Amino acid sequence: MIPLPTQIDGARFLAARRYALLADAPRVGKTGAAIIAADLVLAETILIITTASGRGVWLKGLAEWSVFDRRAAIMTPKNAGTTTADVVIVGWPSIADPKVRAALLARRWSLLISDEDHYAKSFEAKRTQSLYGVPDGDLLLNAQALYATADAVWPLTGTPLPHSPADMFPRMRALCPDRLEADEAKGWPDVTRYDDFLHRYCVVRMKKLSNFNRIPVIVEGRNEDELAARLKVFFPRRTQEDVGIRPPVYDILPLIVSDRMKRQVEGDLDRTAVLAAAETGATKELEMHLGPLRRLTGEIKARAVVDAVKDEFDCGLDKIVLMYWHKDVGTILEDGLAKFGVVKVDGATTPANRDAAVAFFQKPNGARVFLGQIVAAGEAIDLSAAAVLWFVETSFVPAHMSQASLRITNIGQKRQAVVKVVALAGSIDEALQSRLLTLWTAIRKVLA
């Protein structure tokens with residue numbers, strides 16, 4: 001493989017540092033850069049933490065990018081402790097498994113790569129504690145933390161702030177704690193404790209759940225320039241535009257349905273409360289308000305999308321990617337568009353079947369429709385045989401949407417990629433999707 005200039009720069013950046021974050025946007029080439037960097041530092045033993053879909057990507061990447069013949073193996077709870085491979089690849093859920101964790105802690109690693117490190121954005125999660133330790137006031141209890149067993153640690157993620165600036169705290173607390181200390185000359189306060197970090201870099205409002213219970217809700221960021229300055233020497237970020245990839249064009253696709261269907265979608269929803277929850281990113285509250293109506297809305301949209309896609313094909317469209325959330329929605333799309341050739345990737349798809357589905361879609365005469373569950377098909381795959389992607393359903397997590405939307409972009413993509421969010425015209429769904437798209441756009445601008 002011939003590396004891009006940005007991959008060479010990224011590899012050199014990592015190789016020169018014990019702890020460093022590579023935050024290049026999706027499809028810019030983080031995997032190749034990290035493997036080149038591993039070769040540059042002559043890493044003998046490597047632990048790679050990644051997603052289920054990423055395990056095969058790393059096996060393939062090591063074979064393509066590395067000049068060394070390292071033995072690589074995937075570790076699961078079933079085979080924990082049985083492998084002595086030079087490179088061990090493990091899934092994020094597995095690092096919290098007692099058997100896997102014990103086996104990993106028993107070894108000393110030349111290098112630890114935490115791929116899709118946004119999975120470790122909160123110290124409340126067991127996987128974050130397994131990787132970065134447990135904060136205790138000014139201290140970080142890291143005796144049983146995986147990062148402490150490695151000579152070098154390089155987190156990789158194209159979405160370092162999936163929700164807010166608070167998501168950066170765990171990796172900073174573990175890997176560059178000095179950047180959290182006070183600097184009187186620059187006017188920086190000490191933010192070693194999470195509460196201090198949270199209130200310095202986020203606007204937090206208390207949300208009333210009941211007369212006896214309130215919870216903090218992050219509304220927006222604050223002092224972003226100061227946080228960026230603290231992070232300046234910790235990570236580079238190159239966008240798709242930096243490597244010649246044009247970003248997608250985003251828009252809402254309103255579909256017309258009957259008034260009866262719109263009433264089904266509306267139910268007895270509190271429109272004001274739903275849109276307010278979307279405004280503040282209150283995922284749990286959105287789920288509570290929408291409940292089973294969310295699946296019903298998806299099914300209604302799926303049937304309308306089937307007709308719309310048929311029209312697009314009649315007008316000359318070659319291929320399309322359709323992203324969805326609910327299994328039943330995927331089934332409706334698969335049945336309705338079967339005659340055009342359909343491949344599907346969801347949470348139950350094995351790595352081998354996933355690779356086969358992607359390969360068949362990428363062929364010029366292969367399937368014309370790719371169906372992907374947003375999370376399961378949102379990372380580590382190339383769907384650039386299509387230049388059009390529709391979100392039949394959306395995720396309330398902006399990072400999911402950002403990752404999935406970039407599947408149709410690539411250095412070899414010659415056409416303008418177009419991403420559309422399907423909405424039911426004239427319903428609360430259209431207002432909700434427009435609000436979510438606005439928030440999603442704001443996050444993309446911050447990380448651009």
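A residue counts as buried when its relative accessible area is under 20%, and as exposed when that value is over 50%. With these cut-offs in hand, helix α3 of this predicted model can be read residue by residue.

Helix α3 covers residues 54-65. Its buried residues are Gly54, Trp58, Gly61, Leu62 and Trp65. They lie on the same side of α3, because the arc they cover around the axis is only 100°. An α-helix has 3.6 residues a turn, so residues three or four places apart point the same way. On the face of α3 turned away from the buried side are Lys60 and Ala63, which are exposed. The length of the helix can be checked as well. At 1.5 Å a residue, its 12 residues should span 16 Å, and the C-alpha atoms at its ends are 15 Å apart, which agrees.

Further along the chain is a sheet. Six strands form this open sheet, in the order β10-β15-β14-β11-β13-β12, and their pairing is parallel. The edges are taken by β10 (249-255) and β12 (342-345); each has a single partner strand, so one side of each is left without a neighbour in the sheet. On average, neighbouring strands are turned by 20° against each other, direction ignored.

One pairing within the sheet can be followed in detail. Strand β11 (residues 320-324) and strand β13 (residues 369-373) run parallel and are joined by five bridges. In one of these pairings, valine 321 has phenylalanine 370 of β13 as its bridge partner.

Two helices can be placed against these strands. Helix α14 (residues 351-362) lies across β11, β12 and β13, and runs at about 145° to β12. Helix α15 (residues 398-405) packs on the sheet and touches β10, β11, β14 (388-391) and β15 (418-424). The direction of α15 makes about 155° with that of β14.

The cysteines are the last topic. A disulfide is a covalent bond between the sulfur atoms of two cysteines. A search of the whole structure finds zero disulfides. For cysteine 176, the nearest cysteine sulfur is that of cysteine 202, 16 Å away. A disulfide is counted here when two cysteine sulfur atoms are within 2.5 Å, and cysteine 176 is in no disulfide. Cysteine 202 is likewise in no disulfide, with the sulfur of cysteine 176 as its nearest cysteine sulfur. Cysteine 176 is buried, with a relative accessible area of 5%, and cysteine 202 is also buried, with a value of 1%.

Terms used. Residues are numbered from 1 along each chain as its sequence is written. This is a predicted model: local features need pLDDT of at least 70, side-chain atom pairs count only at pLDDT 80 or more; totals for chains, interfaces and linings use all residues. Side-chain values use heavy atoms; hydrogens and water are left out. Two strands pair if DSSP finds at least two bridges between them. Helices (H or I, at least four residues) and strands (E, at least two) are DSSP runs, numbered from the N terminus. Axes are lines fitted to C-alpha atoms, for helices over the stretch in contact, and angles run from 0 to 180 degrees between N-to-C directions. Contact means heavy atoms within 4.5 Å. Buried means under 20% relative accessible area, exposed over 50%, partly exposed in between (1.4 Å probe, protein chains only). The expected span of a helix is 1.5 Å times one less than its number of residues. The arc is that of the directions from the helix axis to the C-beta atoms.
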